[in-house]
Protein chains: 2
Amino acid sequence: MVVASQSLQELCINSIRFLAIDAVQKANSGHPGLPMGAAPMAFALWDRFLRFNPKNPKWFNRDRFVLSAGHGCMLQYALLYLTGYDSVGIEDIKQFRQWGSKTPGHPENFETEGVEVTTGPLGQGIANAVGLAMAEAHLAAMFNKSDAAVVDHYTYAIVGDGCNMEGISGEACSLAGHLGLGKLIALYDDNHISIDGFTDLSFTEDVGKRFEAYGWHVLHVPDGNTNVDAIAAAIEAAKKVTDKPSLIKVTTTIGYGSPNKSNSHDSHGAALGVDEVAATRKELGWEYPEFEIPQDALAHFRKAVDRGASAEAEWQQTLATYKTKYPEDAAVFERMISGKLPANWADCLPTYTPESKKDATRNQSGATLNAIAGTLPELFGGSADLAPSNKTLIKGGGDFKKGEYKNKNLRFGVREHGMGAICNGLALHGSGLIPYGATFLVFTDYMRNAIRLSALSQAGVIWVMTHDSIALGEDGPTHQPVEHIASLRMIPGLIVYRPADGNETSGAYKVAVEQAKAEKPAPTLLALSRQGLPNLAGSSIEKAEKGAYVLSDSDGTPDIILIGTGSEVALCVDAAAKLTAEGKKVRVVSMPCWEMFEAQDAAYQESVLPKAVTTRLAVEAGVTFGWGRYAGSEDNVIGVNRYGASCPGGVALKEFGFTVENVVSKAKSLLG
Amino acid sequence: MVVASQSLQELCINSIRFLAIDAVQKANSGHPGLPMGAAPMAFALWDRFLRFNPKNPKWFNRDRFVLSAGHGCMLQYALLYLTGYDSVGIEDIKQFRQWGSKTPGHPENFETEGVEVTTGPLGQGIANAVGLAMAEAHLAAMFNKSDAAVVDHYTYAIVGDGCNMEGISGEACSLAGHLGLGKLIALYDDNHISIDGFTDLSFTEDVGKRFEAYGWHVLHVPDGNTNVDAIAAAIEAAKKVTDKPSLIKVTTTIGYGSPNKSNSHDSHGAALGVDEVAATRKELGWEYPEFEIPQDALAHFRKAVDRGASAEAEWQQTLATYKTKYPEDAAVFERMISGKLPANWADCLPTYTPESKKDATRNQSGATLNAIAGTLPELFGGSADLAPSNKTLIKGGGDFKKGEYKNKNLRFGVREHGMGAICNGLALHGSGLIPYGATFLVFTDYMRNAIRLSALSQAGVIWVMTHDSIALGEDGPTHQPVEHIASLRMIPGLIVYRPADGNETSGAYKVAVEQAKAEKPAPTLLALSRQGLPNLAGSSIEKAEKGAYVLSDSDGTPDIILIGTGSEVALCVDAAAKLTAEGKKVRVVSMPCWEMFEAQDAAYQESVLPKAVTTRLAVEAGVTFGWGRYAGSEDNVIGVNRYGASCPGGVALKEFGFTVENVVSKAKSLLG
């Protein structure tokens, strides 16, 4: 590698800095301080190490770069522009933080090619990076041969003090250390400033020592503002340690170059101001007008285009060899990275009849996961230390651990939030992996931001959430979800399924897998019962896919429609039988998924829930909030609008009114 | 202190073990393994160190004990029973995990006297303990005199591997180390087992070294199953280190004494089974029938009653001295710990007129907090590194830090979840403190379980959440809350306020403070604007307290009711003016709080939202989910049912339809 001269390096680094300074100033909004301080480390990484192809941002074997300190996104946009990505031109940079621009206020993978994951909520990015590195390790173990390594890249992240304060980063990094992810390298922008001021206000721990405790290889570059060679040497050293992830603490000055605002939170989250921008130009000897990059710098950066093309060409050569020598593996590999599913994959999904064993949907979920795993090698997931309860173990899959990266079962430990962001990273690796993450439904509260980000960033994750109501019983109100199903339904883009039996569970997985592989992938969350449920007459995978369907019906127009989800559908069926015996015309609608039902056409929706039939009763063991949409009013719902209680599950259901008698009685009162 | 003989100690420790074993077996549900392994450390602590008064569980100056590994709650119930609390008798233990019992499946402070905080969701307890220790440090600094220390107790916690894997514990413990909370002592039940199996599946970090990195004093007792003296010596040593919290890693065996299930996850979360219970009796030489405690052991435990009475009497003496010598301080202290508010405290709340400066409610919140702080010394809180944005700094309050515990401003760092549980601990210290914790509304997703637990466990916390809609602008969809307000409204027991102006902000704080001091305290969450808003004609503190009220009205029965919350109320007012000019009869209802409105009587509710007026339009910059309750249908709502976008806030509001024109147009279409 030919290293640029000292002066050229400075020119390049200042190019990054002033693109950030000027864009933030033009928008009068944003975070100039991080790009100004982290420009040298970013330059060292992108100029000397990072393998990427600007003209093919999705080149499979690229190194992954994550700006975990996402507020510093102008750093990333500057690098994308300078190195020649088509996704970010100088006009885009001038549109920083404007409506419809490709340069939003935090990095968004769904807006800007070259951005791998969506960051900004602190700590998510480094946890995503752990997921990306796990994906690489897993795929390499699955596919690589001694003479053809088709999967072989590093994952780099830039993290800030904020990321390191967040619990999610601790969770993910502890796991990364445990797994010995040697190709994960994090650069810690140690600038001693957060929004409140100097980090000594709240953050005086020894971060390096903590990462050593996690099992990481830790290095320190004390002069990160100026010593590009030292940063590069540290990255080089990090790459040489192959059995541990590396943290390179790079001590920098936030807002470096700003005479009055550097080393202060004043440069963190606001434009420097016209005068200070001018003073910074003077301080750093920057003679160029705003948004103008000196030709020498641009030309140097743009060498990345040829470098990237060569790197990809070399990999294509490796892939060609691989295809020749290992055609079967290559076929799977190419199918996976193309995002396609095998034809008829869904034939593997279990089906059930009313004679099938009464069972909990968590058990049926376990059976389905195992069936899918036998057909789709890209299924890859696990539980946050609740595998025996969540029923998520793939039999014979082995545990994914240090040196055994081919194995299929992820053991996240009691780290829900980390698990969430890791799953997002696995999905956004873009290699066709279908990750799943599991815990108790109530603990979606521990990982809600990661679930939200899976929907926002189009990460096709399957969230397997068991113990989905007060019916879990004895563990009590801290473990009994009440508001959770409703609160998850309102996350835009998240598909929430609460299946009633085995067929609906299979249907939920059919949707989940297909959505994970869609052009714009969507995550699916499954809410599954702890307790056994009967397999219903009239359920099917196809019907469940529609989100809601008529499970049983009356002759002619119904007097009342009972709408149930999950474990309460069977209750509706039993209540309907009693009501029918008393001469009422009753339709039962099973509604495992609001979102899929709303995606159906109006005619289908009308066929299930005719507008003319206004007497309706919904039954769901959760809050009634929002059920007015289908039941007409929240008063027409049997639900749970308080906390649960510790007692056997059957007792809880009875005490909270989930009995045939109560459903019948409420239905009669609605029928008048 | 007279230490019990070795054989008596064993008898006592086995008494704890078998109460747990038998109760779990009777319930056929629960977690016997932790109590069996942790009984020696619990005995050492409760027998030799913990100061408490079983006959007055709320004695102010008691040491606080937190079982962070809450699933092991039978340990705590056994201790409460054995040491003579009236709250847990042997019959209660036989009712473990049954409907209506005092011995639910995880410790619940609101069910069982002697339980300080509600645990079970892992990591919450140790973070609560950090809050308890901070409360002690703060109150001691506020009130203690060199000759009269009325606040002087330790906070002890038992934490498990699960707690230590959770990010929330890392956040809270990093802060505890930073703050140097010397009177916080955590016993780490290092049993190497979690639900999935041996912790080496996912958790191989060096926990002790991590805590050292946080600034903790770390000790290790390798033979924690048997060596009570070593545990006691470690606690003694921990107490001697006064400038750092201490972690005592006590290596134990889960399910100790069970011949076939010890050191296995089989003893973690299920009853041992009749045969194994018998085998364990044999193994440990326990000859007593179930639920029977040998008299020697019970007599020894019950010495706690006299010990506790003496300890409290001694403290009462100190308090008497204090009252004599420092009557003014004593008056404040006694008022605070009585939970009462000073008469007329609410006179401090700012009021506004339409002529007052247009301002963001986050700024008005800041002014209100400062006003309250001048009147109520118990106000004590801060932000998760967003103080300048959340406007939560108490001017002149100083920063609460090591050695400066009298200061008022908490600097939580970027640790939302830890902040949440710490605030719960501050509230549940029971000393009248009114804690507040602040971040951006979207980051309630990082701390949702702690918010839920504040409601469940009756912790009177004020959650100050700013930047409450897409109107925050440039930071983009990762920072723009959309579903959050609705999703928080559905948490049972949480009061959610979204004030429209200064008076409503003051009203929200009036409710929040009073709820914090209620007999059954409730937390209040405030959703506050980033952007400036006009002060409305017709708003008042009193009206805002009712949750919803008629802000402006038509002559006679309205044709339409516009319902707004927060920043959208002013929009409704402007739209109403236009509609009125066009001859429509329009009522505007400002609805800052659903929960308080629903707490009003039916007549008041009818006076605000008459059933007969069915043409309604709600306007709120969030999901429409659930608004059918007041608007008749979610179709009658102008809301945001997708993710936001990065752009200036005004542009976002316009693009998403929050304009007078759109409200007028939608209103007209509803009017037909």
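These are my notebook entries on cysteines, cavities and salt bridges in a predicted model.

**Ground rules.** I count residues from 1 along each chain as written, letter chains from A and number ligands from 1 in written order. Local features need pLDDT of at least 70, side-chain atom pairs count only at pLDDT 80 or more, totals for chains, interfaces and linings use all residues, and side-chain values use heavy atoms, without hydrogens and water.

**Cysteines.** I looked for disulfides, meaning pairs of cysteine sulfur atoms within 2.5 Å. I found zero over all chains. B:Cys73 is in no disulfide; its nearest cysteine sulfur, in B:Cys163, is 13 Å away. B:Cys73 is buried at 0% relative accessible area. Buried means under 20%, exposed over 50%, and partly exposed in between (1.4 Å probe, protein chains only).

**Cavities.** I looked up enclosed space next. A cavity is a set of points on a 1 Å grid over the protein atoms alone where a 1.4 Å probe fits but cannot get out; lining residues have an atom within 4 Å of a point. Points are joined across faces, edges and corners, and the volume is the space filled by probe spheres set on them. I noted seven cavities of 30 Å³ or more.

The largest has a volume of about 150 Å³. It is lined by 24 residues, and those closest to its centre are A:Gly167, A:Gly170, A:Tyr214, B:Gly170 and B:Tyr214. The lining divides into five nonpolar, 10 polar and nine charged residues.

The second largest cavity is about 90 Å³. Its lining includes A:His417, A:Tyr446, B:His417 and B:Tyr446. By class I get four nonpolar, four polar and four charged residues. Ala, Val, Leu, Ile, Met, Phe, Trp, Tyr, Cys and Pro count as nonpolar, Asp, Glu, Lys and Arg as charged, and the others, Gly among them, as polar.

**Salt bridges.** I counted 64 over all chains. The cut-off is a side-chain nitrogen of Lys or Arg within 4 Å of a carboxyl oxygen of Asp or Glu.

A:Arg411 and A:Asp399 meet at 2.9 Å, N to O. They sit 12 residues apart. A:Arg411 is buried at 12%, and A:Asp399 is buried at 17%.

B:Asp86 and B:Lys55 meet at 2.8 Å, N to O. They are 31 residues apart. B:Asp86 is exposed at 63%, while B:Lys55 is partly exposed at 43%.

B:Lys183 and B:Glu136 also form a salt bridge, at 2.8 Å, N to O. B:Lys183 is partly exposed at 25%, whereas B:Glu136 is buried at 3%. In chain A, I logged a salt-bridge network linking A:Glu136, A:Asp152 and A:Lys183.

Key
On a 1 Å grid over the protein atoms alone, a cavity is a set of points where a 1.4 Å probe fits but cannot get out, and a pocket is an open set with protein on both sides within 12 Å along at least five of seven lines; lining residues have an atom within 4 Å of a point. Helices (H or I, at least four residues) and strands (E, at least two) are DSSP runs, numbered from the N terminus.
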